[in-house]
Every structure is written in C-alpha cells, then in structure tokens.
Amino acid sequence: MQISELKLAKDLIRKPSITPKDAGAISLLAKNLRSIGFNCKIINFKNGIVHGKYITLYDNNRIFKQFNYHYGSKQGNCKIYYRSGKLKNSCNYKFGSKNGLDIIYFLNGGISQITNYRDNFKYKSEISNNI
C-alpha cells in the first residue's frame, strides 16, 4: 500500500503535538508505517519508566504479547497469542511477580497446563493430556 506523504503531513499537522500528549499522532504514524510493512511498537512511559499497556505484534499485525506495566513492573493480566491470533498463555502479575493462575492453551483452545503462582513461585501445577 502506498502512503500519500501529503495526506500524512496534513493529518499530522492537525494533531496538536507528538509529545507525551500526542493527541493520536504516534498512533497515526504507526498505522501508516504498518500499512507498508513496518513492525511498530508503542510503549508508554511515565517519568522515563514503562507504564501502561505494552503490546508487541507479529509481522501479520496480530498481537503476539500484551502486558500491562505499572511504573516498570508487570501488573495484572498478561496474554501471549499464537500467530493465528488464538490465545496461547494467560497469566497474572502483581508488582512484577507472577501471582495467581498461569494457563497455557493448545492451539485448538483446550487447556494444556494450569499453574498457580505466589510471588513468582509455583505452588500447584496441573498438566492436561487433552489435545
């Protein structure tokens, strides 16, 4: 897909800034760059530390990993996907340590393994033979 430089420039000029309060300018650039084959990551920072949603993509623009960061530490539900877009792994973090269920899925959606964590340590794990 061809990018119209003039249209892109006009669209960017309409955005107030490309500073931390970018009003969509970075997303607009990423969308246009992805359309011509670039793999873009948008990372949120607060005071120089990763903060907020962090997403990496496959080259087919499907989500590979989706994490949430709270001032540099993984926090909350994190997901990893197969290239097809199906969920591969879902786990939870609290202040950078795995806490709670870590579920690994087969490509067909069935559960492969469930592990329960407390402060990054496994305390219970179940493996499924269901494929």
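Reader: Is Cys78 buried or exposed, and what is its relative accessible area?

Author: Buried is the word for a residue under 20% relative accessible area, exposed for one over 50%, and partly exposed for anything in between, using a 1.4 Å probe and protein chains only. Cys78 has a relative accessible area of 1%, so it counts as buried. Before we go on, please note that this is a predicted model, in which local features need pLDDT of at least 70 and side-chain atom pairs count only at pLDDT 80 or more, while totals for chains, interfaces and linings use all residues. Residues are numbered from 1 along each chain as its sequence is written, and side-chain values use heavy atoms, with hydrogens and water left out.

Reader: Which residues is Cys78 in contact with, leaving aside its neighbours within four places in sequence?

Author: A contact means heavy atoms within 4.5 Å. For Cys78, the partners beyond those neighbours are Gln66, Phe67, Asn68, Asn89, Ser90, Cys91 and Tyr93.

Reader: Why is there no bond between the sulfur of Cys78 and that of Cys91?

Author: A disulfide is a covalent bond between the sulfur atoms of two cysteines. Here the term is applied to a pair of cysteine sulfur atoms within 2.5 Å. The sulfur of Cys91 is the closest cysteine sulfur to that of Cys78, but at 5.1 Å it is too far for a bond. The structure holds zero disulfides. Cys91 is buried too, because its relative accessible area is 3%.

Reader: Which residues make up the largest nonpolar core?

Author: A nonpolar core is a set of buried Ala, Val, Leu, Ile, Met, Phe, Trp, Tyr and Cys residues joined through side-chain atoms within 4.5 Å. The largest one has six residues, and our two cysteines, Cys78 and Cys91, are in it with Tyr54, Phe67, Tyr69 and Tyr93. Strands β3 (63-70) and β6 (87-94) each supply at least two residues of this core. Strands here are DSSP runs of E with at least two residues, numbered from the N terminus.

Reader: How many bridges join strand β1 to strand β2?

Author: Two strands pair if DSSP finds at least two bridges between them. Strand β1 (residues 43-46) and strand β2 (residues 49-57) run antiparallel and are joined by three bridges. Lys46 has Ile49 in β2 as its bridge partner. The two strands form a hairpin with two residues between them, and Asn47 in the turn has a positive phi of about 55°.

Reader: In what sense do β2 and β3 pair?

Author: β2 and β3 pair in the antiparallel sense, over six bridges. Thr56 stands opposite Lys65 in β3. This hairpin has five residues between its strands, and Asn61 in the turn has a positive phi of about 70°.

Technical notes. Helices (H or I, at least four residues) and strands (E, at least two) are DSSP runs, numbered from the N terminus.
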